[in-house]
Amino acid sequence: MSLHGFRHHNSGQVLIIVALIITLLILSTAVYVIKTEENRVLYSLEDANNALSAYQLGIMHTVVSALANVSNGGSTNILATNLNRFVAVVEKRLYNVMFSMEFAPSNTAPYQNGFWIDWAANGKGISSAYVGFRINASGLSTSYREEYSVNVTSELSVSGVWMRQDNLKSAILICTVRNEGNLASAENFTVYFERDGSLTQEEWIQVKAPSITDYGNGTYSITFTAETTNPDDPVIVSVHCHDLRGIFVRTNVTCTRL
């Protein structure tokens, strides 16, 4: 039984729907910001800058939403689709300022179509999106131009140890969650262990009710007991995590025996 099946069977469809709802909320927020500007004539660069700051925040949230969607099984096309929608709304509603925005999802390795999803079996998983932007705005007396990039990265690091207790194994995992390199919080964890301690033919078993301790600094400990085919089989685990932004990331690791 594959991990892919576990994830999609249990929560994949629900999480994709949640990601789509988040996208709609972000776009609704952008429309609200635009509506508040609608009755005010933008004559100065300062006015344009204030509006652009709001749009840049909307751009960031749009990229976050796209990564949440893709990491939960959605199509990578959602990034361009949502950004195009966002740009169309902005260009239609920004009065007395000529505004244009171009975007280019990164295709520089390890990114492809703006995304880098690396859920390796080395204790480190990464879900990331990277997009370059060029913004041009011209008012009645001045102009504005900016080129910048948006990088959204959720990272999960896991290490673990285990000890034998008769026919059972007691395992302790240490998990660290990061957003853009900074320690961050997790929304939830799901833990699996491999039945016979070998990935030749994967057969993953979900840990029921693991004990999770949140240290409040992006670090968590997860303890559980497992029974594998043979008492001396190695303990291979797969940790699945959603951060508070709804972005999914996972990684596998072989625990060290004590």
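This tour walks through a buried histidine and several salt bridges. The model is predicted.

**Stop 1: His240.** Select His240 in strand S11, residues 236-243. Is His240 buried or exposed? His240 counts as buried, because its relative accessibility is 4% and the cut-off for buried is under 20%. Now add Ser238. The side chains of Ser238 and His240 share a polar contact of 3.3 Å.

**Stop 2: Arg134 and Glu147.** Turn to the salt bridges; the count comes to eight. Side chains of opposite charge can pair when their charged atoms come close. Select Arg134 and Glu147, which form a salt bridge with their closest N and O atoms 3.1 Å apart. Arg134 sits in strand S3 (residues 124-138) and Glu147 in strand S4 (residues 143-165), so this pair links parts of the chain 13 residues apart. Arg134 is partly exposed, at 32% relative accessible area. Add Glu102 to the selection. Glu102, Arg134 and Glu147 are linked in a network of salt bridges.

**Stop 3: Arg245 and Glu180.** Select both side chains. They meet in a salt bridge, 3.0 Å from N to O. What does this pair tie together? Arg245 lies in the loop between S11 and strand S12 (248-254), and Glu180 in the loop between strand S5 (168-179) and strand S6 (182-183), so the salt bridge ties together parts 65 residues apart in sequence. Glu180 is partly exposed, with a relative accessible area of 34%.

**Stop 4: Arg195 and Glu203.** Finish with this pair. A salt bridge joins the side chains of Arg195 and Glu203, at 3.0 Å from N to O. Arg195 is partly exposed at 34% relative accessibility. Glu203 is partly exposed at 36%.

Technical notes. Residues are numbered from 1 along each chain as its sequence is written. This is a predicted model: local features need pLDDT of at least 70, side-chain atom pairs count only at pLDDT 80 or more; totals for chains, interfaces and linings use all residues. Side-chain values use heavy atoms; hydrogens and water are left out. Helices (H or I, at least four residues) and strands (E, at least two) are DSSP runs, numbered from the N terminus. Buried means under 20% relative accessible area, exposed over 50%, partly exposed in between (1.4 Å probe, protein chains only). A polar contact is a pair of N or O atoms within 3.5 Å; within protein, one must be able to donate a hydrogen and the other to accept it, and residues adjacent in sequence count only if both atoms are side-chain atoms. A salt bridge is a side-chain nitrogen of Lys or Arg within 4 Å of a carboxyl oxygen of Asp or Glu.
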